[in-house]
Amino acid sequence: MADMRAFRDAVGGWAAGGPGGPAEDLAERVGVRTAVLLEGPSDLAAVEALAARHGRDLAAEGVCVVSMGGAMSIGRYAELLGPPGLGLRLAGLCDENEQRFYDRGLERARAPHQDFFVCVSDLEDELIRALGTAAVEEAVQAEGDLRAWQTFVRQPAQHGRSRQQQLRRFLGTKKGRKIRYGSLLVEALHPSRTPAPLDGLLASL
């Protein structure tokens with residue numbers, strides 16, 4: 001696991017303009033075969049939590065889950081990790097309104113699209129719909145965020161929004177909250193209620 005984290009860090013440095021040698025060396029040493037490309041750290045937390053619930057050790061299977069820091073980075077990561085670079089199999093999640101960036105980036109890298117799964121709005125929205133708003137509010141209360149949530153929904157900007165929209169916005173209002181709830185909401189899911197994009201992604205790995 002530590003070696004896979006080192007590989008992930010090396011890939012991040014490479015994508016930022018650093019040398020590719022460390023990532024190439026680690027990929028061979030660790031036995032990386034698949035890179036899961038995700039927009040941000042909350043998606044990463046959710047995917048890793050789902051894998052753990054299913055008894056999967058992705059690192060041991062040669063699967064590296066990567067947070068790219070935004071959908072616009074897909075072209076760079078696909079070039080480095082896909083056919084033009086390390087030649088890894090690529091998979092991932094994307095939001096519906098970001099799909100065009102993924103399509104273009106994957107096409108430029110000559111990487112297949114079939115293992116990329118699309119969330120209607122984003123992964124948080126998928127999880128809220130799968131759980132139901134009442135269950136998500138219970139999770140908010142259990143996490144000690146009830147007062148912050150009550151203050152948030154009283155704000156004028158939230159008037160007229162559905163509970164689902166309010167919850168989705170609330171999760172993104174504080175640094176680190178989306179990451180924390182990314183795993184918490186997955187852990188609260190009944191296996192039969194796993195959102196289709198998440199379920200499809202894990203099945204593809």
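Here is a short chat about pockets, a cavity and salt bridges in this predicted model.

Q: Let's start with the open spaces. What volume does the largest pocket have?
A: The largest pocket has a volume of about 240 Å³.

Q: And which residues lie nearest its centre?
A: Those are E39, D43, D95, E124 and K178, out of 16 lining residues.

Q: Which helices supply at least two residues each of that lining?
A: Helices α3 (41–53), α6 (123–131) and α10 (177–188) do. The largest share, three residues, comes from α3.

Q: How does the pocket lining divide into nonpolar, polar and charged?
A: You get three nonpolar, five polar and eight charged residues.

Q: OK, what about closed spaces? How many cavities of 30 Å³ or more are there?
A: The count comes to one. About 30 Å³ of space lies in the largest cavity.

Q: What lines it?
A: The largest cavity is lined by E39, D43, L93, C94 and D95. Strand β3 (residues 89–95) gives three residues, the largest share of that lining. By type, the cavity lining has two nonpolar residues, no polar ones and three charged ones.

Q: Does any record cover this stretch, I mean, what does UniProt list for residues 33–95?
A: An unreviewed UniProt entry lists residues 33–95 as "domain: OLD protein-like TOPRIM". In the model, that span is 33% helix and 27% strand, and its end C-alpha atoms lie 24 Å apart.

Q: New topic: how many salt bridges are there?
A: The count is 10. One of them joins R89 and D115, with the closest N and O atoms 2.6 Å apart. R89 sits in strand β3 and D115 in the loop between α5 (99–108) and β4 (116–119), so the pair links parts of the chain 26 residues apart.

Q: Is D115 buried or exposed?
A: D115 counts as buried because its relative accessible area is 13%, and the cut-off for buried is under 20%. R89 is partly exposed, at 29%.

Q: What else touches that pair, say, which residues does S204 touch?
A: S204 touches R89, A91, D115 and F117, leaving aside residues up to four places away in sequence. S204 lies in helix α11 (residues 196–204) and is buried at 18% relative accessibility.

Q: Which residues are linked in a network of salt bridges?
A: D125, E126 and R129 are. D125 meets R129 with the closest N and O atoms 3.1 Å apart, while E126 and R129 meet at 3.2 Å, N to O.

Q: Why are E126 and R129 about one helical turn apart?
A: Because they are three residues apart in helix α6. E126 is buried at 8% relative accessibility, and R129 is partly exposed at 36%.

Terms used
Residues numbered from 1 in each chain as written. Predicted model: local features only at pLDDT ≥ 70, side-chain atom pairs only at ≥ 80, totals over all residues. Heavy atoms only, no water. Helix = DSSP H or I, 4+ residues; strand = E, 2+ residues; numbered from the N terminus. Buried < 20%, exposed > 50% of the residue type's maximum accessible area, 1.4 Å probe, protein only. Contact = heavy atoms within 4.5 Å. 1 Å grid on protein atoms, 1.4 Å probe; cavity = no way out; pocket = protein on both sides within 12 Å on 5 of 7 lines; lining within 4 Å. Points joined across faces, edges and corners; volume = space filled by probe spheres on them. Nonpolar A, V, L, I, M, F, W, Y, C, P; charged D, E, K, R; others polar. UniProt positions renumbered as here; feature names shortened; annotations may be inferred. Salt bridge = Lys/Arg side-chain N within 4 Å of Asp/Glu carboxyl O.
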